Amino acid sequence: MAQLAQVIVDVPTMQTNRPYTYQVPTRLENQVKLGMRVVVPFGNGKRQVQGFVVGLDQPTKYNGQLKAIDALMDLQPVIGDELLRLSKWLADQTYSFWISSIYTMLPNMLKAKSTRVVKIVDEVDERVTFDVFHGKDELDFATVQSNPQIVSLLLKLQKRGKVRFEYVVADKAKAKTTVGIRPQLNFEELEEARTSLHANARAQNRLLSYLQSIVGKTIKQADAERISGLKAATFNTGVQKGWLTKVPIEVYRTPLGQEPLPDDHHLAKPLALNDEQQAAADKIEQAIDDSQSRVFLLEGVTGSGKTEVYLQSIAKALQNHKTALMLVPEISLTPQIVNRVRRRFGSKVAVLHSGLSAGERFDEWRRINRGEAQVVVGARSAIFAPLTNIGVIILDEEHESSYKQDEAPRYHAREVAKWRGKYNDAPIVLGSATPSLESRARAMKGVYQLLQLKHRVNKRPLPPIKVVDMRPEIKERGESNFSRELLTKLTDRLAKNEQSILMLNRRGFSSFMMCRDCGEVLKCPNCDISLTLHMDSHTMKCHYCGHEEPIPRFCPHCGSREIRYYGTGTEKVERELTSLIPQARIIRMDVDTTRRKGMHEKLLRQFGQHQADILLGTQMIAKGLDFPNVTLVGVLNADTGLGLPDFRSSERTFDLLSQVSGRAGRADKKGEVVIQTYNPDHYAIQFAQKNDYEGFFKREMTLRHQAGYPPYYFTVRLMASHEDEAVAARAMAQIKEQLTKSLMPSTIILGPTPRAIARMKRRYYYQIVIKYKQDQYLHSLLQKILQETQSKGKNDVQISIDPDPQYFM
DNA sequence: AGCACGCCGACT
DNA sequence: GTCGGCGTGCTC
């Protein structure tokens with residue numbers, strides 16, 4: 001019988017980042033369990049917050065009077081043993097608050113909203129009642145918080161005992177319900193009711209018969225109407241006569257495009273595997289059978305049938321009465337891949353992606369939590385799906401940088417997967433055509449087991465790739481996004497009624513407004529970057545802080561009218577393409593045209609139905625798309641990423657070009673790829689042209705070795721920010737001193753340097769990058785630095801730590 | 001985060 | 001003399 005409970009409260013600060021001990025009141029005895037949400041008093045006054053039970057009956061050194069838990073928010077724990085442990089590990093690994101790592105694992109709906117309400121408890125001035133309280137006797141404090149006059153007025157009234165501040169912890173988690181009907185009488189009583197009916201009350205008579213057939217059951221009213229053929233009005237009469245009652249029935253929200261498959265739906269059969277696939281599948285399935293928590297790197301060229309190996313591994317796990325988790329990068333979480341999994345495993349599948357509403361996400365989460373779904377497909381955060389007894393975890397496109405969250409907690413889904421694999425004694429499958437250097441290097445060392453698929457399933461060669469040097473093109477024809485060669489091929493496809501995909505590599509691109517007379521570039525007043533033109537809203541926007549201003553007609557610096565937009569945006573390319581090939585029908589896909597929910601799918605569907613000849617887009621079109629009629633893929637600017645100060649820029653360029661090349665000639669028709677570049681001799685482009693991952697890997701490893709980058713070193717990035725640049729710089733210099741003193745001599749400390757975007761949201765940023773092979777002091781030292789520099793207000797230096805950063809910029 | 005306690009300037 | 005500014009420290 002639990003007397004005490006250790007609770008992590010929803011106050012994300014360094015000082016409160018530890019469990020607090022509460023008493024379990026007698027009325028809640030035997031009900032409080034690990035992983036439940038509770039409402040607890042915290043701090044002075046009547047403040048209440050949400051918390052999570054992370055321990056029971058552990059002794060406490062606290063000498064003060066313990067407070068008691070106010071209420072339970074759940075009947076069943078929302079976090080099981082595995083995820084509770086994982087949340088602690090995650091907080092430790094990513095240097096974040098325990099409460100934050102708990103919340104990243106749960107759907108947003110489980111985060112209760114804590115509101116402050118001001119209540120009138122005694123007669124107050126009529127004008128106050130009217131003006132401030134709008135005639136009501138209570139007020140949501142959040143609505144007046146920003147008005148200092150009202151705030152001080154309310155505080156005065158509080159002192160005089162006229163009003164009281166109260167806290168309300170409101171749970172947002174609501175299950176959607178529909179009306180259900182339930183017979184109130186038993187069979188005989190219903191029969192009895194029939195005798196008192198008028199002879200012509202035929203509908204009521206039928207209702208009674210129907211109710212007799214469902215005694216003791218609860219049926220959705222919609223279903224009842226359909227089955228019985230009776231109208232809603234008849235059921236209402238039944239309620240009036242006391243024959244039946246209406247009760248809410250909990251139902252799941254149905255995400256668009258995720259409608260349940262019909263009951264008689266035939267699940268798709270597994271496809272036959274070729275020898276390579278079979279060999280890989282055998283190894284994975286053996287590990288599933290033996291409950292081995294090893295890691296496989298499944299390296300397979302585009303079209304080599306990795307997905308089928310995934311699906312059969314999942315089938316194996318299910319066959320062993322276990323569950324399976326499959327992660328896909330958000331960008332390739334397309335209906336195509338999702339449908340393939342659902343056709344194979346039907347209603348066992350739950351899908352988690354960013355397009356779901358909060359309610360839909362919550363419902364999918366509950367289906368998984370209740371064990372109603374045994375297969376989960378989702379993007380990064382789906383790695384926290386509340387599956388139990390996992391048999392296999394798959395990460396498709398494991399090299400994708402989107403598996404690393406770029407805000408706190410800065411976790412990498414691959415590392416979380418490995419943790420869960422160990423906990424569940426389940427193998428991990430990392431799949432990619434172009435594995436990350438880290439993973440491939442581990443496979444070479446034997447840490448992971450390498451499984452290779454070297455041949456395409458359809459035995460077709462990969463499409464030939466033509467690299468076009470844009471330098472002479474520009475010299476001869478002036479500024480253009482299209483080489484003659486690409487234009488010729490596009491026109492040719494048009495004539496043959498075939499389709500083309502054009503990709504504009506936007507990585508690292510800044511489009512900006514510049515004055516042709518004085519060279520002034522329009523910049524964000526808060527951040528250190530140029531503003532981007534958004535034609536949909538006709539404004540200039542800052543991508544970092546969201547600042548927005550009208551498009552200027554005159555240069556704000558010199559007043560000249562010659563202020564123009566620079567940078568290769570998709571819109572501009574579309575305009576050029578329209579003027580070059582007026583008869584071509586173009587679909588443009590970029591952030592602007594796909595912002596609205598469902599637009600992404602809609603545009604792809606239109607293209608799939610050949611409502612356009614050319615699909616023009618940014619990186620988002622590079623992955624997973626499979627259009628049989630596409631025979632030409634063009635990359636307009638292959639090298640924009642190469643000049644970036646990022647040690648992974650070659651790797652990313654190689655990946656991107658390899659991915660996009662795989663989009664051509666998926667079916668019977670022959671495909672071809674055109675890559676336009678200003679760096680035709682760059683090794684990333686050369687190796688991509690030859691489809692030579694092995695060559696690229698060796699070359700890039702040599703360079704990483706020379707420069708001391710991953711995978712030869714582990715890295716951590718420390719960032720400090722302050723409103724005053726000098727303060728941020730000084731804080732970092734101090735930290736560097738501390739690091740140098742305490743870390744191992746083999747550890748390399750770079751910086752401090754101002755970040756590439758030195759100012760963001762009115763703060764200046766400095767960073768230090770630590771490179772190490774093995775350093776036993778590092779982790780605890782970083783924890784200590786965080787403790788010491790814990791910021792209390794906006795006037796303090798803010799420190800953040802990014803383990804294994806994706807970018808150093 | 002939110003709240004109280006506490007120590008210095010401009011006011012009924 | 002007091003009201004209230006926000007720096008500091010604590011929350012089981």
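Select Gly 43 together with DNA strand C in this predicted model, and look for a backbone N or O atom of Gly 43 that lies 3.1 Å from a sugar or linking oxygen of DNA strand C. With that pair in view, widen the selection to the protein residues around DNA strand C, of which there are 14, with Thr 21, Phe 42, Gly 43, Tyr 62 and Lys 67 coming nearest.

Two further polar contacts to DNA strand C are worth picking out, and each involves a side chain. For Arg 18, display the side chain and find an N or O atom that is 3.3 Å from a base nitrogen of DNA strand C. For Tyr 22, the partner is instead a phosphate oxygen of DNA strand C, which is 3.5 Å from an N or O atom in the side chain. Next colour the protein by secondary structure and go to strand β2, residues 20–23, which gives the most to the surface near DNA strand C, contributing three residues. Colouring the surface near DNA strand C by residue class shows six nonpolar, five polar and three charged residues. On the nucleic acid side, of the atoms of DNA strand C within 4 Å of the protein, 46% belong to sugar or phosphate, and the rest belong to bases.

Move now to DNA strand B, and select the residues around it, namely Val 11, Thr 13, Asn 44, Arg 47, Arg 116 and Tyr 167. Of the atoms of DNA strand B that come within 4 Å of the protein, sugar and phosphate account for 67%. By class, the residues of this surface near DNA strand B divide into two nonpolar, two polar and two charged.

Which parts of DNA strand B do the side chains of Asn 44, Arg 47 and Arg 116 approach? Taking them in turn, a polar side-chain atom of Asn 44 lies 3.4 Å from a sugar or linking oxygen of DNA strand B, whereas a polar side-chain atom of Arg 47 lies 3.1 Å from a base nitrogen of that strand. At Arg 116, an N or O atom of the side chain is 2.7 Å from a phosphate oxygen of DNA strand B.

Leave the DNA and select Cys 515, Cys 518, Cys 555 and Cys 558, the positions at which an unreviewed UniProt entry places the feature "binding site". These four residues span 44 residues in sequence, yet no two of their C-alpha atoms are more than 8.6 Å apart, so they gather at one spot. If you look for disulfides in the model, the count comes to zero.

Centre the view on Cys 515, which is placed in strand β21, residues 512–515. Is Cys 515 buried or exposed? Its relative accessible area is 1%, and Cys 515 is therefore buried, the limit for that class being under 20%. Leaving out residues up to four places away in sequence, Cys 515 touches Glu 520, Cys 555, Cys 558, Ser 560, Glu 562 and Ile 563.

Of these contacts, Cys 555 also counts as buried, at 3% relative accessibility. Cys 558, by comparison, sits in the loop between β24 (548–550) and β25 (563–566), and at 39% relative accessibility Cys 558 counts as partly exposed. Apart from residues up to four places away in sequence, Cys 558 touches Cys 515, Asp 517 and Cys 518.

The next stop is Arg 456, to be found in the loop between β18 (449–453) and β19 (465–469). Although placed in a loop, Arg 456 counts as buried, at 9% relative accessibility. Showing its surroundings, and leaving aside neighbours within four places in sequence, you will find Arg 456 in contact with Val 301, Thr 302, Gly 303, Ser 304, Pro 461, Leu 462 and Pro 463. With Pro 461 there is also a polar contact, in which the backbone oxygen of Pro 461 lies 3.3 Å from a polar atom of the side chain of Arg 456.

Finish at His 722, which is found in strand β30, residues 714–722. His 722 is buried, with a relative accessible area of 9%, and a polar atom of its side chain lies 2.9 Å from the backbone nitrogen of Asp 724. To place His 722 against another part of the chain, add Glu 398 to the selection: these two residues are 324 residues apart along the chain, and their C-alpha atoms are separated by 36 Å.

Key
Residues numbered from 1 in each chain as written. Chains lettered and ligands numbered in written order. Predicted model: local features only at pLDDT ≥ 70, side-chain atom pairs only at ≥ 80, totals over all residues. Heavy atoms only, no water. Near = heavy atom within 4 Å. Polar contact = N/O pair within 3.5 Å; in protein donor to acceptor, adjacent residues only side chain to side chain. Helix = DSSP H or I, 4+ residues; strand = E, 2+ residues; numbered from the N terminus. Nonpolar A, V, L, I, M, F, W, Y, C, P; charged D, E, K, R; others polar. UniProt positions renumbered as here; feature names shortened; annotations may be inferred. Buried < 20%, exposed > 50% of the residue type's maximum accessible area, 1.4 Å probe, protein only. Contact = heavy atoms within 4.5 Å. Disulfide = S-S within 2.5 Å.
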